[in-house]
Amino acid sequence: MERIHSLYLHVPFCTWVCKYCDFNAYAVLEGLIPPYVEALSHEIDIAGTELPIGPLETVFIGGGTPSLLTAAQVRQVMERVRAIGLAPGAEVTLEANPSNITGPNVEGWLAAGVNRLSIGVQSLQPDALRFLERLHSGMDAIAAIQAARAGGFADVNADLLFGVRGVNLAAWLDTLEAVLAEGVQHLSAYELTVESATRLGQEVRTGLVRMPDADDQLEQYWAAAARLEAAGLAHYEISNWAQPGYRCRHNLATWNYHPYLGCGAGAHSMFRLDDGRTKRRWNVKGPHAYIKQTSETARALDGAETLSPERARGEAAMIGVRLLDGTGSARDFPEQRRHLVGAGLLREDNHQVRLTRRGVELANQVGAAFLVEVASPQQRKG
Amino acid sequence: MSTPTHLTRAISVIAHVDHGKTTLSDRLLEYTGTVAQRDMVEQVLDQLDLERERGITIKAQAVRMLYKADDGNTYQINLIDTPGHVDFSYEVSRALAACDGAILVVDASQGIEAQTLANVHQALDHHLKIVPVVNKIDLPQANPELVREEIEKVIGLPAESVIFASARQGIGTKEILEAVVREVPPPTGDPGAPLQALIFDAKFDAYRGIVTYIRVLEGTLRPGMRILMMQTGKSFEVDEVGIFRPDRTPVEDLSAGEVGYLIANIRNVRDSRVGDTVTDEARPAAAALPGYRHVTPMVFAGLFPTDTEQYQQLKEALEKLQLNDAALVYEPETSAALGFGFRCGFLGLLHMEIVQERLEREFNLTLLGTAPTVEYRVKLRNGEEIPVDNPDHLPDPAEIEAISEPMVTATIVVPSTYVGNMMELSQERRGQFLNMQYEPGDRVVITYRMPLAEIIHDYYDQLKSRSKGYASLDYELVGFEEASLVKLDVLVAGSPVDALSMIVDRSKAQQQGRRLAEKLKTLIPRQLYEVPIQAAIGGKIVARETVPAMRKDVTAKCYGGDVTRKRKLLEKQKEGKKRLKRVGNVEIPQEAFMAVLSLD
């Protein structure tokens, strides 16, 4: 099995679960945080002894809202991480809600070893924040970025959402401009996606909320891309931009198909087996079940799948094409490449392929082309 | 245990679709103890999954019951359940040829409908004794007395002979059985005469080869006998003979009047032809039985595997299916758009749907069916006349002298309120009014002469919807008639798609072309490119629509925890695309090929 150098830690707690969110996140369970931190620490310990892991090049503490953890709790978790082995210069990211970014917290996180802060700004427009059910204001978010920078974070990301009903192109660019003005090194701009199992999904289904049409969404997307490039942030993944040297190394590992370990409720892991197969496994989602199972059996696995080398190569290409500088992950698919180049979705040079502008807009069509057809259960029967 | 001939009866149950034949058959089986109550499932005789799911009977089924009558005798009653839908009237005709009597079931609230009449006529053609039953008398809207009067006036059966029943509640079951043993004559055959047995169905059994369903008319059939198929001239040694109770049960012999099966190591589908006569090779009968009228397919369509590698499997599947579906005919067809497949002939649209569904389910195939069409007769300028069952094969207009199309007499039975609607619809469909007759019970029987092509294009659905579901339809082929017809071609992304061509009435061609293009626009999903759709008559474009290119398909987030879900989603979409047929650069769904069926 290929040695693992990336670790994801999931913190599934939120003060409020926003209506568009379909992550593994739970409100009003903050009381579970102390036993959860114990369970998470335990899972990290066990994984460290059972798996070929470390030294870790990247650690990503995501959620939910990991900034609900106290500085002491973050420190406890990081101590366990260090026991596995943390490479010199490793990237350690913590996702934070603007409301939690205070001077003392910033100081505590830095002291615990966190060196990259990813801030959930989402929007600066009051109407949009209300629609999205964010509990902070635009000013809070700007202040949070300032506090993080002033407190000593040299690598700050802001998450933004576009394609929100009621936010026109000009208003969206204003938000972008204001965030850029704070000097962030990294920016993720996501199109607001309607997931069916969310309250937003329900509102859209019942006609209560209408989403902007595809043309408007793409207009906001490409306008942001142009503005960010002009500001010196390179567009390196479909929804991600960074200054030179500040690309998120943790996510790059995923997109480049390197293995990672995920700990915490609902966390996914990916292992590369020596014979070319890929194993993916995931933990139970609920925090109660996670805590219980981890304390009883030291494991919280819920499911796993192993992909044949052929399917694994297809998956690697599906993810790899999201990297806009190009990827070599599609080298085993000459026929599909030719077809996609012919359709104007891919450009090809030196065995590397990269999405064209149209290819970005239809990235799922490109990704799907590399997936191996799996026999449906009905056909397998025959 | 052999029953003397005078205590044997062979009957069918006939009715319009949904009047309760199969439920009544269930009750008879239960009442006679043929099927123990604990083994009773609904629709015992419907063996195909499809039949139970759709609640209809497709195949005739045979079963033997023993009934101890009030006169103290135990009778052997051979029952053949039959389908009710017009498409399967051929099955009914086959079943009736093997019987001496028929139980006619009429719904107490629906009354006499088009296929009630058609089935009665068939039964009378076969000289069957009819036992009339008014069924579903327990329903609140039932009017059994009125229906009884209808039966007397319309069909001419005495009102006193009508039995009131509710198959669901088991009312009238005994009365029906008593009437059967009393009214239906015993078979006239002589068990000692040379063997004459009529093949009325056959089925393929993976272990036993072909199981041949027969009715013995003369003589006696025993295992060990060498039999001769009188039409094909092939001979076989009989391994087993048996009856249906309702499962296959071997017996020592089958003699004159009895219904059952034979197994004789017959491997080739074609050696057990429905309608053929089985006789004793050593002591052959003087002549073969008349058999059945040759079944003519009414509608034709192409069936193509969506995966070209399934062609051979499709071929084998069609062979096996044809064995117990004599009405199905097919021959290889090559389409520029769809590749290799088969042109198949069907009895009607339901038959076509059922065949496609059976092929897909029972043989694990994924198929694409093209729009059904009728068979035209084309007279060429050089004097030759050719049949054309595929619009794409229509010769160049310059070579055509005339085109004739099949005509039917359509019989519509409907409450008088809807007569206007029915006439309007039939006139729109190029119908020529023939006759109208008012019957008791506010029932009007209207007959039209009209092109079969119009009937297969959505006519029945329209008939139902414009009569709030009350109208019923039966039709019969009456011949060919010259018409002014042209071929309408469809071009997708600039290339003609042969499988979308249709032959239409010249005066309606342009309008049909426009409607077809509009309809296709809604059915062809957005592709990577913009897809123009054009309809053309004789090379002249008469309509154009455009399917815009797909605008956006991108997932904003794909991080470590999202990969499995995203991959599965894309895989599922890809699986869904397998039902699409790639024609050039365009993926076309099955529904698009059926679009021509509902252009109104």
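Author: A helix is a DSSP run of H or I with at least four residues, a strand is a DSSP run of E with at least two, and both are numbered from the N terminus. The model discussed here is predicted.

Reader: In which loop is A:Ala298 found?

Author: Two elements of chain A flank this residue: one is a helix covering 287-297, and the other is a strand covering 301-307. A:Ala298 therefore belongs to the loop between helix H10 and strand S14.

Reader: What is the phi of A:Ala298?

Author: Most residues other than glycine have a negative phi. A:Ala298 is not a glycine, but its phi is positive. The value is near 65°.

Reader: Is A:Ala298 buried, exposed or partly exposed?

Author: Within 10 Å of A:Ala298 there are 14 other C-beta atoms. A buried residue has 20 or more, and an exposed one has 12 or fewer. The count of 14 falls in between, so A:Ala298 is partly exposed.

Reader: Where in chain B is B:Arg430, and what is its phi?

Author: B:Arg430 is placed in the loop between helix H9 (419-428) and strand S24 (432-439) of chain B. Its surroundings hold 18 other C-beta atoms within 10 Å, so it is partly exposed. B:Arg430 is a residue other than glycine with a positive phi, near 60°.

Reader: Which residue follows A:Gly54 across a cis peptide bond?

Author: Most peptide bonds are trans. The bond that leaves A:Gly54 is cis, with omega near -5°. The residue it leads to has its place in strand S4 (residues 53-63) of chain A. That residue is A:Pro55.

Reader: What is omega for the bond between A:Gly63 and A:Gly64?

Author: A:Gly64 is found in the loop between S4 and helix H2 (71-84) of chain A. The peptide bond joining A:Gly63 and A:Gly64 is cis. Its omega is about 15°.

Reader: Which strands stand at the edges of the open sheet in chain A?

Author: The sheet has nine strands with mixed pairing, in the order S9-S10-S8-S7-S6-S5-S4-S1-S11. An edge strand here has a single partner, so one side of it is left without a neighbour in the sheet. The twist from one strand to the next averages 20°. The edge strands are S9 (234-237) and S11 (261-263).

Reader: Which residue of S10(A) stands opposite A:Ser188?

Author: Strand S8 (residues 186-191) and strand S10 (residues 240-242) of chain A run antiparallel and are joined by three bridges. The residue opposite A:Ser188 is A:Asn240.

Reader: Which helix packs on the sheet by touching strands S6 and S7 of chain A?

Author: The helix covers residues 138-151 and touches S6 (116-122) and S7 (156-162). Its direction makes about 170° with that of S6(A). It is helix H5.

Conventions:
Residues are numbered from 1 along each chain as its sequence is written. Chains are lettered from A and ligands numbered from 1 in the order in which they are written. This is a predicted model: local features need pLDDT of at least 70, side-chain atom pairs count only at pLDDT 80 or more; totals for chains, interfaces and linings use all residues. Two strands pair if DSSP finds at least two bridges between them. Axes are lines fitted to C-alpha atoms, for helices over the stretch in contact, and angles run from 0 to 180 degrees between N-to-C directions. Two residues are in contact if their C-beta atoms, placed from the backbone, lie within 7 Å.
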